[in-house]
Amino acid sequence: IDMDFSKIKIFSAKVNKSGNDCMGMSFGQYVVNNLDLLNCKDNGISVGEKSKFESIDLLVRNSENALTVKDSSIANIENFNSINNNFCFRLYNKKKEFDGGALKVNNLNCDTTYFIDKTSTYN
């Protein structure tokens with residue numbers, strides 16, 4: 001699912017087997033209350049380029065990265081479950097015209113490592 005330059009609210013979504021990102025978004029505001037992502041070749045969710053993402057329940061399994069937040073984007077997640085991914089989350093600056101990413105999670109269940117560069121924040 002690729003969403004750019006939009007303001008979108010989705011109640012529930014499930015994606016299984018994507019050859020790239022299961023869900024990608026840039027330059028917009030996105031709310032996905034319940035999200036179940038499985039077997040994403042790259043990212044479960046990629047939030048980039050000044051986007052804002054919110055979720056109540058996020059589950060990502062068997063993917064490269066469960067979540068990436070980059071390039072002046074913000075993600076707020078109530079319940080985040082990352083199972084059997086290479087990275088739970090990655091927060092970084094990719095493009096020089098932006099800053100890093102910001103992530104706030106209230107309840108995190110993560111069985112792997114994460115990456116945060118010096119321009120990004122996590123709390």
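Leaving aside its neighbours within four places in sequence, which residues is Ser-73 in contact with? Keep that question in mind while we get our bearings, and remember throughout that this is a predicted model.

**Stop 1: the whole chain**

Start with everything shown as a cartoon. You will find 0 helices and 12 strands, so to speak a β after β pattern from one end of the sequence to the other. Along its principal axes, the C-alpha trace spans about 35 × 30 × 30 Å. A compact globule of 123 residues would have a radius of gyration near 14 Å, and the 13 Å of this chain agrees with that. Now colour by burial: 45% of the 123 residues count as buried. Among the contacts with a separation of 6 or more, 33% are made by residues 24 or more positions apart.

**Stop 2: an open sheet**

Next, select strands 2, 4, 6, 8, 10 and 12. These 6 strands form an open sheet in the order 2-4-6-8-10-12, with parallel pairing. Strand 2 (7-18) and strand 12 (121-122) stand at the edges with a single partner strand each, so one side of each has no neighbour in the sheet. What holds strands together in a sheet in general? They pair through backbone hydrogen bonds, either parallel or antiparallel.

Zoom in on the strand 12 edge. Strand 10 (residues 102-110) and strand 12 run parallel and are joined by 2 bridges. Pick Leu-103 and look across to strand 12, where its bridge partner is Tyr-122.

**Stop 3: strand 3 and its neighbours**

Now select residues 23-26, which make up strand 3. Are its faces covered or open? Both are covered: Met-23 and Met-25 are buried on one side, and Gly-24 and Ser-26 are buried on the other.

Add strand 1 (residues 2-4), which runs parallel to strand 3 and is joined to it by 3 bridges. Then add strand 5 (residues 43-48), also parallel to strand 3, with 4 bridges between them. Gly-24 is a good residue to click on here. Asp-2 has Gly-24 as its bridge partner in strand 3, and Gly-24 also stands opposite Ser-46 in strand 5.

**Stop 4: the salt bridges**

Side chains of opposite charge can pair when their charged atoms come close. How many salt bridges does the structure hold? There are 3.

Show Lys-14 and Asp-36 as sticks. They form a salt bridge in which the closest N and O atoms are 4.0 Å apart. Lys-14 lies in strand 2 and Asp-36 in strand 4 (residues 29-40), so this pair ties together parts that are 22 residues apart in sequence. Lys-14 is exposed, with a relative accessible area of 61%, whereas Asp-36 counts as buried at 18%.

Add Arg-61, whose side chain meets that of Asp-36 in a salt bridge (2.7 Å, N to O). Arg-61 is in strand 6 (residues 52-61), so here the parts tied together are 25 residues apart in sequence. Arg-61 is partly exposed, at 23% relative accessible area.

Move to Lys-95 and Glu-49, where the closest N and O atoms of the salt bridge are 2.2 Å apart. Lys-95 lies in the loop between strand 9 (87-92) and strand 10, and Glu-49 in the loop between strand 5 and strand 6, so the pair ties together parts 46 residues apart in sequence. Lys-95 is partly exposed at 32%, while Glu-49 is buried at 15%. Looking back, shared partners join Lys-14, Asp-36 and Arg-61 into one network.

**Stop 5: Asp-71 and Ser-73**

Finally, select the loop between strand 7 (65-70) and strand 8 (74-83), where Asp-71 is found. Asp-71 is buried yet has no salt bridge, and the nearest side chain of opposite charge, Lys-95, is 5.2 Å away. The Asp-71 side chain does make a polar contact with the side chain of Asn-93 (3.5 Å). Its contacts beyond four places in sequence include Glu-49, Lys-95 and Phe-98.

Ser-73 is in the loop between strand 7 and strand 8 too, and is buried, with a relative accessible area of 1%. A polar atom of its side chain lies 3.0 Å from the backbone oxygen of Lys-70. And the opening question? Beyond its neighbours within four places in sequence, Ser-73 is in contact with Val-47, Gly-48, Glu-49, Lys-50, Ser-51, Gly-100, Gly-101 and Ala-102.

Note on methods. Residues numbered from 1 in each chain as written. Predicted model: local features only at pLDDT ≥ 70, side-chain atom pairs only at ≥ 80, totals over all residues. Heavy atoms only, no water. Buried < 20%, exposed > 50% of the residue type's maximum accessible area, 1.4 Å probe, protein only. Lys, Arg positive; Asp, Glu negative; His and termini not counted. Polar contact = N/O pair within 3.5 Å; in protein donor to acceptor, adjacent residues only side chain to side chain. Contact = heavy atoms within 4.5 Å. Pairing = 2+ DSSP bridges. Rg over C-alpha atoms; globule rule 2.2 N^0.38 Å.
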